[in-house]
Amino acid sequence: MNPIVVIPARMASTRLPGKPLAMIGKLPMILHVLARARAADIGPVIVAVAETELARVVEDAGGTAVLTDPALPSGSDRVWQAVRAADPAGRHDVVVNLQGDLPGVAPPTLAASLLPLADPATDIGTLVCPVADAGEAARDSVVKVACAFADDDARTVARALYFSRAAVPWGAGALWHHVGIYAYRRAALARFVSLPEAALERRERLEQLRALEAGMTIGCCRIGTAPFGVDTPDDLDRARRVMAEAA
């Protein structure tokens, strides 16, 4: 595999406008994510931006920014447009989509997203970690994955059967929290962004269901804990506290 890491970022967040440039310590959030992606050392890193203001910040820090159409409907579309611009010859056969709102992501986590692609039948790799408690299981902001890890299963990779905001699967046993980092085979990403929105995707508001409905295979690598994401002002306050304590 010859991966490239793409971080989609735009300023027009509904719940936290200007999110990529929100300061965490001495750096804007997007530069924290960029530094973690570089530290993973799995391939070149580009930031797929929607605004020239954001591109300047990335480039002034020594990063590579690719300006994409602000009207694109999703981060996945932004990633695909940036990859085609940055690598038109298709040298990179795997595209890692790292969300720009994960400032605390551990670098080894990115490498883990590649592990499901060791199976040539898998189109997309992603990550899961155990749901910690009943409160987390009940929150619809926490996406759950139905994947078959038995309690005594030593495997680190399993196939995703369904994604839901509900606590699936039903019954006794572990629940798995989806971590929204994806490693796409390049051809799989090209196909994914060409597909129309799917019925279950609309119902659950989860775009990965578009891939499953189209018969694509998603493999899940399990990790210990989920990196914290920043979606709201409260999340940003938490990120500032956590990263200040870790410094």
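**Nonpolar cores and helix α1 in the predicted model**

Leaving aside neighbours within four places in sequence, Ile 7 is in contact (heavy atoms within 4.5 Å) with Ile 30, Val 33, Leu 34, Ala 37, Val 45, Ile 46, Val 47, Ala 48, Leu 98, Gln 99 and Gly 100. The model is predicted, with local features needing pLDDT of at least 70 and side-chain atom pairs counting only at pLDDT 80 or more, while totals for chains, interfaces and linings use all residues. Residues are numbered from 1 along each chain as its sequence is written, and side-chain values use heavy atoms, with hydrogens and water left out.

Ile 7 and Ile 30 are among the residues with the most contacts inside the largest nonpolar core, which has 44 residues; a nonpolar core is a set of buried Ala, Val, Leu, Ile, Met, Phe, Trp, Tyr and Cys residues joined through side-chain atoms within 4.5 Å, where buried means under 20% relative accessible area (1.4 Å probe, protein chains only). Helix α1 (helices being DSSP runs of H or I, at least four residues, numbered from the N terminus) gives the most to this core, with 7 residues. At least three residues of this core come from each of domain 1 (1-102) and domain 2 (105-176 + 195-225), the bounds being taken from an automatic or database domain assignment. Apart from this core lies another, of 34 residues, including Ile 46, Val 143, Ala 188 and Phe 192.

Within α1, the buried residues include Met 29, Ile 30, Leu 31, His 32, Val 33, Leu 34, Ala 37 and Ala 40, and the helix is followed by Asp 41, whose phi is positive, near 55°.

Definitions and conventions
Buried means under 20% relative accessible area, exposed over 50%, partly exposed in between (1.4 Å probe, protein chains only). Helices (H or I, at least four residues) and strands (E, at least two) are DSSP runs, numbered from the N terminus.
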